[in-house]
Structure formats: structure tokens, C-alpha cells
Amino acid sequence: TVALGDSKPYLQISLQHYDKLEKLHSTWWKKGYARQTEGEDVSEQSHFRCCLWNLLARYEGLKGHGYQAALPGEVFDVLFQELQVSGECFASPLNARYCHFCSAFPDVDCFFGAHGSFFSFTPTSGSYEANPPFVPELMLDAIEHMEDLLQKATGPLSFSVIIPNWKHVTAWKRLQKSKWRRHGVV
């Protein structure tokens, strides 16, 4: 593990996550997107460490485990191979499988490549995985946004949606009756 900070509060992260986040940050730094410092001349490494601290502190403060089911890597591989899925509608730099993803905290996550909130995301084509947090109102908002995007699409557009089989929840009912629905487990 890698520890950030010498005294409390300190945050820990696995070496695997550290390496992944360092690569994501470096990609965005080299493209110039990560240099959103207010006139300060900082090194890439010091900027990365500061951004990493902010990211970990934000997600540690959430303590929101269990609001979303993480998909195994093999599922992402199948989605990519079979449906050309190349982006995630609900991810974080910590769990994103693809390099294109939307996240809940654009102010912190943008330094690692996040494209902002899914609800501000307006693709007109492409194939995306959508696994929103399992909050009924949020799932319904996501489905409504997807249907709006599908209506406005100028090219092939698809969403592979993962939500719980909660038949009593409006989001589940809406998804089952959607005119855009092609396949699904009922």
C-alpha cells in the first residue's frame, strides 16, 4: 500500500490503484487538461500527489459502499467485445475500467480523465455501460436522461444498463417498458 501523509489524517491506497491513477493523471497532464492550477508553476508529481489526496479524501468521506454493484472485469470485456462499449456513465477514477467515464465529482475526478457528471454528458453516438448507484430516484433520472439522449442521437447510440431487479421501483418498470429496450434479463 501507499500512504499519503506522515500524520493523521492519512490515506492509504493499494499500489495497483496508485499506479493506475498515476497513469491516468499523467495522460491528462500531458494533454494539458490537468494543469488547472491558478497560476502556480507546479511539477507533475506534486500536482498528482495533491490531486490524489483530494480524490481519496472525497471518496473516503463518502463512505458509500453498497450503493452500486461493481461488475467483474470479464463483464466489461464482453461488453467491449460484443457491443463495442467504450465508456462508463457512472464510475470513478478508482473503479473505471475504460478510459472514458463520467463521475460524481468532476471537480476532483477531472484530473484523472473523468468527463463530468453523466447528467451533463450528451453523446450523440457510441456504446456505453450504465450502472447507476442503486438509489431509485437516481436510477429513474438516469433512464430518463438515456431515453432523451437516444431520442436526439445522430448516430448509433446504446446503453447497457445494470440495475437491480426491483420490480416495485419506477426505474425498473420504466426500463422494462422503454421503446428503446432491445435485450434484458427480466
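Reader: Hi! How many aromatic pairs does the structure hold?

Author: Hi there! This is a predicted model, and the structure holds 11 aromatic pairs.

Reader: Cool, can you walk me through one? What kind of pair do Tyr18 and Phe48 make?

Author: Sure. Their ring centres are 5.3 Å apart and the planes stand at 80 degrees, so Tyr18 and Phe48 form an edge-to-face pair. Planes over 60 degrees apart are what earns that name.

Reader: And where do Tyr18 and Phe48 lie?

Author: Tyr18 belongs to helix α1, which covers residues 15-30, while Phe48 belongs to helix α2, residues 44-62, so the pair ties together parts that are 30 residues apart in sequence.

Reader: Are Tyr18 and Phe48 buried or exposed?

Author: Both Tyr18 and Phe48 are buried.

Reader: Okay, next pair please! What about the rings of Phe118 and Phe119?

Author: The rings of Phe118 and Phe119 have centres 5.5 Å apart, with planes at 65 degrees, so this pair is edge-to-face.

Reader: Is Phe118 buried or exposed?

Author: Phe118 has 2% relative accessibility, so it counts as buried. Under 20% is the cut-off for that word.

Reader: And how does Phe119 count?

Author: Phe119 comes out at 34% relative accessibility, so it counts as partly exposed.

Reader: Which residues form one aromatic cluster?

Author: One aromatic cluster is formed by Phe90, Phe118, Phe119, Phe121, Tyr128 and Phe159. You can pick out Phe118 and Phe119 from the pair we just discussed.

Reader: Nice. Let me zoom out a bit. How many helices and strands does the protein chain have?

Author: The protein chain has six helices and six strands. Going along the sequence, they follow the pattern β-β-α-α-α-β-β-α-β-α-β-α.

Reader: How much of the protein chain is buried?

Author: The protein chain has 186 residues, and 39% of them count as buried. As for the surface, the chain exposes about 11100 Å², with carbon and sulfur atoms supplying 53% of that area.

Reader: What about contacts between residues 24 or more positions apart?

Author: If you take the contacts in the protein chain with a separation of 6 or more, residues 24 or more positions apart account for 61% of them.

Reader: Back to helices! How do people describe two packed ones?

Author: Two packed helices are described by the angle between their axes and the distance between the axes.

Reader: So what are the values for α5 and α6?

Author: Helix α5 spans residues 136-152 and helix α6 spans residues 170-177; their axes come within 8 Å and cross at roughly 25 degrees. Therefore α5 and α6 are roughly parallel to each other.

Reader: Which residues meet there?

Author: From α5 there are Pro136, Met139, Leu140, Ile143, Glu144 and Glu147, and they meet Thr170, Ala171, Arg174 and Leu175 from α6. Sorted by class, the contact of α5 with α6 has six nonpolar residues, one polar and three charged.

Reader: Arg174 caught my eye. What is Arg174 in contact with?

Author: Setting aside neighbours within four places in sequence, Arg174 is in contact with Leu140, Ile143, Glu144 and Glu147. The C-alpha atoms of Arg174 and Glu144 are 8.7 Å apart, with their positions 30 residues apart in sequence. At 34% relative accessibility, Arg174 counts as partly exposed.

Reader: Changing topic: where is Val161?

Author: Val161 lies in strand β6, residues 157-161, and is partly exposed, with a relative accessible area of 27%. Apart from neighbours within four places in sequence, Val161 is in contact with Ala130, Met146 and Leu175. You met Leu175 earlier, where α5 and α6 meet.

Reader: And what's going on with phi of Gln84?

Author: Phi of Gln84 is near 55 degrees, which is a positive value in a residue other than glycine. Gln84 sits in the loop between α3 (73-83) and β3 (87-91). Gln84 has a relative accessible area of 51%, so it is exposed.

Reader: Last one! Where is Cys99 found?

Author: Cys99 is in the loop between β3 and β4 (100-103). Leaving out neighbours within four places in sequence, Cys99 is in contact with Gly113 and His115. The C-alpha atoms of Cys99 and His115 are separated by 9.9 Å, and these two residues are 16 apart along the chain.

Conventions
Residues numbered from 1 in each chain as written. Predicted model: local features only at pLDDT ≥ 70, side-chain atom pairs only at ≥ 80, totals over all residues. Heavy atoms only, no water. Phe/Tyr/Trp six-rings, centres within 6.5 Å; stacked < 30°, edge-to-face > 60°. Helix = DSSP H or I, 4+ residues; strand = E, 2+ residues; numbered from the N terminus. Buried < 20%, exposed > 50% of the residue type's maximum accessible area, 1.4 Å probe, protein only. Axes fitted to C-alpha atoms, helices over the stretch in contact; angles between N-to-C directions. Parallel < 35°, antiparallel > 145°, perpendicular 65-115°, else oblique. Contact = heavy atoms within 4.5 Å. Nonpolar A, V, L, I, M, F, W, Y, C, P; charged D, E, K, R; others polar. Areas by Shrake-Rupley, 256 points an atom, 1.4 Å probe, with all protein chains shown as cover.
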